[in-house]
Amino acid sequence: MRRLVLSANTLAAPKTSSTRRGSCMATHVGQRRSEGCYIGDVHLAATRSGALDGLTAVVKDCFDVAGHRTSNGSPAWLETHPPAKHNAAAVQALLDAGATITGKNVMDEMAYSLAGENKHYGTPVNPAAPGRIPGGSSSGTAAAVAAGDADLGLGGDTGGSVRVPACHCGILGIRPTHGRVSLQGAVPLAPSFDTGGWFARDAAVLRRAGRVLLDPSSRQPAQLRRLLVATDAFALAEESTSRAIKPQEVDLASSSGGLSQAWFTTFRLHQAHEVWQQHGAWVTSTKPEFGPGIRERFQMAAGVTQQQFEEAVRHRAGVRQRMAELLGSDGVLLLPTAPAPAPPLNAAAEQLDAFRTSLISLTCIAGLSGFPQVNLPIAYVEGLPVGLGLLGPPGSDEDLLELTEKLMEVLA
């Protein structure tokens, strides 16, 4: 492994400067509403003045909004849960910082998919790649931000649900360090992986939202000096995607299996066990009519044994230790956010399954470690967006967002 030191030029300051289908109903005159991105009709005015004054935001429909039912991407969930009494903590934080919320967004069913296709509510149109999936599970939120409906979007990321749609829709997105954004009032999926993330088209807006959403008491200031390029991660990407975003190659050795099947299997089993602990009783009693892929994942989750889970927990601890040793307090790992551009809409199940395996092999790095990762929309392959991931040490979110803003000034 070789070390790369960020140049002074790179680190220079930036230049100053309750329906069943996706709804397209407008919430106020003049607001743009992108096709298939919305559920219901939500508009919340800012409650105070703050860091997000003048900005608009949209929200994934796993976050509670007072007086509205939360669908979690499932009609059965919508029908079996009452309207929320309070706004989710992250929603309230946006409002208290001066943002106006202009809609709640369609998402993948139960947040248990990375594709962005929903049997019940439809598939939001990917404005950056029409005819391609938008990515999920924060599908409608990413698509709405990419289309210019709002300045920022609040999403959730368990296995890649902010990073993947950000990549496919050609926008910025961050999965923060696990635990740094409150998930009070958000539907859980797999709590030890769940994070509240967000999207923006502009790096300065992405950073401003971080000042509002990130818990300052859990910050671990970092001086991010070293760029580490994960060659084994780039090996998982298609050649054209790798060539489009790959910086200078650095050898990335790993004593814990690297990005072998072990990391993917560890994430898959650990997550599935938690998913069943969270939702198994509801699934068993309600017997919802799940869409393709979601049904099979819940069936698999029901079958994970305690022994398999305990083995996954042990291996996950090894992954965390490996990543902590690798990054220290000043390293940034560069890797593809996704292995290729977004697959076509209505792709064969076999094609999507193969893509999902490669995809999770990349996204599980941040999930298993709990470290923050940002997607940078810096390149295109045959006219379709692909993204470069920046993964930093735990608690370095603010510094990673600062680096993102400076790099986007240069790369743009």
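**A pocket, a helix and some ring pairs**

About 790 Å³ of space lies in the largest pocket of this predicted model. The pocket is lined by 34 residues, and those closest to its centre are Pro292, Gly293, Arg297, Asp353 and Arg356. Three elements, H8, H9 and H11, each give two or more residues to the lining. Of these, H11 gives the most, with eight residues.

Helix H9 is a good place to go next. It spans residues 294-302, and Ile294, Arg297, Phe298 and Ala301 are buried there. Looking down the axis of H9, these buried residues fall within an arc of 95°, so they line one face of the helix. The spacing fits a general rule: an α-helix has 3.6 residues a turn, so residues three or four places apart point the same way. As for what sits against that face, the buried residues of H9 pack against helix H8 (261-286) and helix H11 (349-369). H8 and H11 thus turn up twice, as packing partners of H9 and as contributors to the pocket lining. Arg297 also has two roles, being one of the buried residues of H9 and one of the residues closest to the pocket centre.

Aromatic rings come next, and the model has four aromatic pairs. One of them joins tyrosine 112 and phenylalanine 298 edge-to-face, with 5.3 Å centre to centre and 80° between the planes. Tyrosine 112 belongs to the loop between strand S3 (100-105) and helix H3 (139-146), while phenylalanine 298 belongs to helix H9, so this pair ties together parts that are 186 residues apart in sequence. Both partners are tucked away: tyrosine 112 counts as buried because its relative accessibility is 2%, under the 20% cut-off, and phenylalanine 298 is buried too, at 3%. A second pair brings in phenylalanine 193 and phenylalanine 267, whose ring centres are 4.9 Å apart and whose planes stand at 75°, so this pair is also edge-to-face. It links distant parts of the chain as well, with phenylalanine 193 in the loop between strand S5 (172-175) and strand S6 (195-200) and phenylalanine 267 in helix H8, 74 residues apart. Here again the rings are buried, phenylalanine 193 with a relative accessible area of 0% and phenylalanine 267 with 1%.

Two more details round out the ring picture. Ring pairs link Tyr112, Phe290 and Phe298 into a cluster, and phenylalanine 193 has a charged neighbour: arginine 316 lies over the face of its ring, 3.9 Å from the ring centre.

The loop between S3 and H3, home to tyrosine 112, also holds some less common backbone geometry. In general, most residues other than glycine have a negative phi, and most peptide bonds are trans. Methionine 110, though, has a positive phi near 60°, and alanine 111 has a positive phi of about 65°. Methionine 110 lies in this loop, and alanine 111 does too. Methionine 110 counts as buried at 1% relative accessibility, and alanine 111 counts as buried at 15%. Further along, the peptide bond from glycine 136 to serine 137 is cis, with omega near 10°. Serine 137 also has its place in the loop between S3 and H3.

Terms used:
Residues numbered from 1 in each chain as written. Predicted model: local features only at pLDDT ≥ 70, side-chain atom pairs only at ≥ 80, totals over all residues. Heavy atoms only, no water. Buried < 20%, exposed > 50% of the residue type's maximum accessible area, 1.4 Å probe, protein only. Helix = DSSP H or I, 4+ residues; strand = E, 2+ residues; numbered from the N terminus. Arc of directions from axis to C-beta. Contact = heavy atoms within 4.5 Å. Phe/Tyr/Trp six-rings, centres within 6.5 Å; stacked < 30°, edge-to-face > 60°. Lys NZ or Arg CZ within 6 Å of the ring centre and 35° of its normal. 1 Å grid on protein atoms, 1.4 Å probe; cavity = no way out; pocket = protein on both sides within 12 Å on 5 of 7 lines; lining within 4 Å. Points joined across faces, edges and corners; volume = space filled by probe spheres on them.
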